[in-house]
Amino acid sequence: MSVKVKVCGTTSVHDAVLSAEAGADALGFIFAPVSKRLVSPQVAREAGLSVGPSVARVGVFLNQGLDEVLRTAEAARVSAVQLHGPLSSLYVNAVAAYYPVLRVAQPADLAAQADMWHGHPGVTLMLDAPEPGGGIPLDWDALRLLFPHGAWLAGGLGPGNVAAAMIALRPAGVDAVSRLEAGAGVKDPRAVRAFVSETRRAAQSYPQ
Ligand SMILES: O=C(O)c1ccccc1N[C@@H]1O[C@H](COP(=O)(O)O)[C@@H](O)[C@H]1O
């Protein structure tokens, strides 16, 4: 099975190219004003154009108005949208009418979110820690029986632990930011390359 790798918190053309050359399937651009990885739609658009259409460009939002999400996504020319926060199903469906959605859930609301989005072709669930971008891993053992088939995993993942997380939960995609940085919003090239290669290596252990 091919597992998707998303490198999040891209803030420059340089780091977009670095992640794409390392083999990332998707780049994340964070448009949440609270983030220390905040990027402008213009830079995100330029970075996305620099890697070509085979790499997905994901706009990341936290509790932002629908109009702001759709306008920013359009200005940045992203190909998908990641939604954090306590959002209504109407809101998520409205975004999903325009973009494939990664809907982020925490362990406490995983079951409800999984029920809500099960079978929805445009919404993929992603499990993350309660503090997005905080670099704190989840308790994978506690989630073994709950983790939905086809869901993605985030939360404190990096080169040193992504294989263990994948063996425990078999996510369809993995996403990381904190453990791939040399400083806020600046990628550590060795960590990015090792994260992608460790993910590819661990994916070989998935049942065929
Ligand atoms: O990273 C941020 O600053 C951020 C802000 C607002 C919403 C999401 C954010 N990041 C997302 O957090 C997860 C995991 O991050 P980490 O690896 O634990 O640091 C990832 O999905 C980012 O997209």
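This report walks through a barrel, a ligand shell and three residues picked out from the structure above.

Before we start, this is a predicted model, so local features need pLDDT of at least 70 and side-chain atom pairs count only at pLDDT 80 or more, while totals for chains, interfaces and linings use all residues. Residues are numbered from 1 along each chain as its sequence is written.

**The barrel**

Eight strands close into a barrel, running in the order β1-β2-β3-β4-β5-β6-β7-β8, and their pairing is parallel. Helices (H or I, at least four residues) and strands (E, at least two) are DSSP runs, numbered from the N terminus. Two strands pair if DSSP finds at least two bridges between them. In general, strands of a sheet pair through backbone hydrogen bonds, either parallel or antiparallel. Take β1 (residues 4-7) and β2 (residues 26-30): these strands pair in the parallel sense over two bridges. Here Val7 stands opposite Leu27 in β2.

**Around the ligand**

Which residues are closest to the ligand? They are Cys8, Ser35, Pro132, Gly133 and Ser178, out of 25 residues that surround the ligand. The elements giving two or more residues to this shell are β2, β3 (56-62) and β8 (173-176). A residue is near a molecule or strand if its C-beta atom, placed from the backbone, lies within 6 Å of it. By type, the shell divides into eleven nonpolar, ten polar and four charged residues. Ala, Val, Leu, Ile, Met, Phe, Trp, Tyr, Cys and Pro count as nonpolar, Asp, Glu, Lys and Arg as charged, and the others, Gly among them, as polar.

**Three residues to look at**

Most residues other than glycine have a negative phi. Asn63 isn't a glycine, yet it has a positive phi of about 55 degrees. Arg77, also not a glycine, has a positive phi of about 55 degrees.

So where do these two and Arg103 sit, and how buried or exposed are they? A residue is buried if 20 or more other C-beta atoms lie within 10 Å of its own, exposed if 12 or fewer, and partly exposed in between, with C-beta atoms placed from the backbone.

| Residue | Place | C-beta neighbours inside 10 Å | Class |
|---|---|---|---|
| Asn63 | loop between β3 and α3 (66-76) | 11 | exposed |
| Arg77 | loop between α3 and β4 (80-84) | 14 | partly exposed |
| Arg103 | strand β5 (residues 101-105) | 25 | buried |

Leaving aside neighbours within four places in sequence, Arg103 is in contact (C-beta atoms, placed from the backbone, within 7 Å) with Leu83, Val92, Gln113, Trp117, Val123, Leu125 and Met126. Arg103 and Ala114 are eleven residues apart in sequence and 9.8 Å apart in space, C-alpha to C-alpha.

Methods
Contact = placed C-beta atoms within 7 Å.
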